Amino acid sequence: IIVDFDNITSFGTGQYYLTLPYPTRVAYQFRDGCLHDVSAGTEYQVSGHVFANDDVLWLNIADKVASGVQDVDFTSTTPVTLTTADSFHIAGIYEIEG
């Protein structure tokens, strides 16, 4: 899934999420994603978690802490303040219900 911000008029508040086309059979963690902060020329790891029997993929950013790396909510200001030049992509495979 590729999300380009060039037509965004408001980045909103709260944790970002994507709605998957179908509910999952079991919980999954997607780790193949990247946020492109164009103005700074920086990239950040994007991941997502979906609960079993759900179609909402909650998005996170990897953040360095004293004991290692942890996931924090991906928002309009975390890890950076987003602009319309920025974009992100995430990929993963999951089994659907049924």
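The protein chain exposes about 5900 Å², of which carbon and sulfur atoms supply 53%. The structure is a predicted model, and this report describes first the chain as a whole and then three of its residues.

**Overall architecture**

The protein chain contains 0 helices and 7 strands. Read from the N terminus, its elements follow the order β-β-β-β-β-β-β. The C-alpha trace spans about 45 × 40 × 20 Å along its principal axes. The radius of gyration is 14 Å, which agrees with the value near 13 Å for a compact globule of 98 residues. Of the 98 residues in the chain, 32% are buried. When contacts between residues at least 6 apart in sequence are considered, 62% of them join residues at least 24 apart.

**Three residues in their surroundings**

The table gives the place of each residue discussed below.

| Residue | Location |
|---|---|
| Threonine 24 | loop between strand 2 (17-19) and strand 3 |
| Aspartate 37 | strand 3 (residues 28-37) |
| Threonine 84 | loop between strand 6 (68-73) and strand 7 (87-91) |

Threonine 24 has a relative accessibility of 0%; because buried means under 20%, this residue counts as buried. A polar atom of the threonine 24 side chain lies 3.0 Å from the backbone oxygen of valine 26. Beyond its neighbours within four places in sequence, threonine 24 is in contact with two runs of residues: Val50, Phe51, Ala52, Asn53 and Asp54, and also Tyr94, Glu95, Ile96 and Glu97.

Aspartate 37 is likewise buried, yet it has no salt bridge. The nearest side chain of opposite charge belongs to lysine 64 and is 18 Å away. Since a salt bridge requires the relevant atoms to be within 4 Å, lysine 64 does not form one with aspartate 37. The side chain of aspartate 37 does, however, make a polar contact of 3.2 Å with the side chain of serine 39. With neighbours within four places in sequence set aside, aspartate 37 is in contact with Thr42, Tyr44, Val80 and Asp86.

Is threonine 84 buried or exposed? At 38% relative accessibility it counts as partly exposed, because this class lies between the limits of 20% and 50%. Leaving out neighbours within four places in sequence, threonine 84 is in contact with Phe5, Asp6, Ile8 and Phe11. Glycine 14 stands 70 residues from threonine 84 in sequence, and their C-alpha atoms are 18 Å apart in space.

Note on methods:
Residues numbered from 1 in each chain as written. Predicted model: local features only at pLDDT ≥ 70, side-chain atom pairs only at ≥ 80, totals over all residues. Heavy atoms only, no water. Helix = DSSP H or I, 4+ residues; strand = E, 2+ residues; numbered from the N terminus. Buried < 20%, exposed > 50% of the residue type's maximum accessible area, 1.4 Å probe, protein only. Lys, Arg positive; Asp, Glu negative; His and termini not counted. Polar contact = N/O pair within 3.5 Å; in protein donor to acceptor, adjacent residues only side chain to side chain. Contact = heavy atoms within 4.5 Å. Rg over C-alpha atoms; globule rule 2.2 N^0.38 Å. Areas by Shrake-Rupley, 256 points an atom, 1.4 Å probe, with all protein chains shown as cover.
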